[in-house]
Amino acid sequence: MALAEPGKIAAAFAHALPETDYEQHIREMTGFDGAIRVFLTVAVSLAQRRCGGSLADEACERMLEDAVRRSGAKSTLVVGRINMENKASEMMSNRMGFEPLTEGPDRYNPDMREWYVVVDP
Ligand SMILES: CC(C)(COP(=O)(O)OP(=O)(O)OC[C@H]1O[C@@H](n2cnc3c(N)ncnc32)[C@H](O)[C@@H]1OP(=O)(O)O)[C@@H](O)C(=O)NCCC(=O)NCCS
């Protein structure tokens, strides 16, 4: 990543294929019938936080590009749960075009809300 110091990790991301029942839930909620990936996290090292978010945005952008690539360069819905107190993460998701899937918290996780975005190749 652009701001990484030699030998140090500045930012990381992880995403995965959804479990079958979670995929079904997302399809029911969105009506989307293309590829789905679940974003597990985007994280910036403590030393590089509170610097305006450009590194977080770069990591998130790379995560979305990688999700589309692993879906075979097809339009992909990327969805993940964010703790409702994690305002830094909500702000990053907003900047990257994510929208909340529901008004309130996730039905199964009262502390969390699901956020999603559809990314085209
Ligand atoms: C989510 C994340 C990648 C966003 O990175 P970022 O866009 O660089 O955002 P920052 O962490 O710099 O925080 C941005 C804003 O959130 C708020 N914020 C962040 N941490 C805060 C804290 N501990 N207390 C109060 N406000 C905080 C502030 O308003 C801050 O803006 P400021 O820099 O003007 O003060 C980063 O916060 C992170 O790595 N968090 C830990 C991992 C995580 O929670 N990932 C998401 C799980 S899905």
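**Exercise 1. The ligand's surroundings**

Work out how many residues surround the ligand and which of them are closest.

*Solution.* Start by counting: 16 residues surround the ligand in this predicted model. Next, pick out the closest, which are Arg49, Arg50, Gly53, Ala56 and Ala88. Now sort the shell by class: you get 8 nonpolar, 5 polar and 3 charged residues. Then look at where they sit. Strand E2 (35-44), strand E3 (76-83) and helix H3 (87-95) each supply at least two residues of the shell. H3 gives the most, with 5 residues.

**Exercise 2. The sheet**

Find the order of the strands in the open sheet, and say which strands are at the edges.

*Solution.* First, a reminder: strands of a sheet pair through backbone hydrogen bonds, either parallel or antiparallel. Here the open sheet has 5 strands, and reading across gives E1-E2-E3-E5-E4, with mixed pairing. The edge strands are E1 (11-16) and E4 (99-100), since each pairs on one side only. Now zoom in on one pair: E3 and E5 run antiparallel, joined by 8 bridges. You can spot Thr76 standing opposite Val119 in E5.

**Exercise 3. The nonpolar core**

Identify the members of the largest nonpolar core that touch the most other members.

*Solution.* This core has 21 residues, and the ones to name are Ala56, Ala59, Met63, Val78 and Val79. Then check which elements feed it: E2, helix H2 (54-70), E3 and strand E5 (112-119) each supply at least two of its residues. The largest share is 7 residues, and that comes from H2.

**Exercise 4. Two residues, two settings**

Decide whether Val44 and Lys74 are buried or exposed.

*Solution.* Take Val44, which lies in strand E2. Val44 has 25 other C-beta atoms within 10 Å. The cut-off for buried is 20 or more, so Val44 is buried. Leaving aside neighbours within four places in sequence, Val44 is in contact with Ala10, Ala11, Arg49, Leu55, Ala56 and Ala59. For a sense of distance, Val44 and Ala88 are 44 residues apart in sequence and 11 Å apart in space, C-alpha to C-alpha.

Now try Lys74, found in the loop between H2 and E3. Lys74 has 12 C-beta neighbours inside 10 Å. Exposed means 12 or fewer, so Lys74 counts as exposed. Setting aside neighbours within four places in sequence, Lys74 is in contact with Gly34, Ala35 and Pro121. Finally, Lys74 and Trp115 are 41 residues apart in sequence, with 20 Å between them in space, C-alpha to C-alpha.

Notes:
Residues numbered from 1 in each chain as written. Predicted model: local features only at pLDDT ≥ 70, side-chain atom pairs only at ≥ 80, totals over all residues. Near = placed C-beta within 6 Å. Helix = DSSP H or I, 4+ residues; strand = E, 2+ residues; numbered from the N terminus. Nonpolar A, V, L, I, M, F, W, Y, C, P; charged D, E, K, R; others polar. Core = buried A, V, L, I, M, F, W, Y, C linked by C-beta atoms within 7 Å. Contact = placed C-beta atoms within 7 Å. Pairing = 2+ DSSP bridges.
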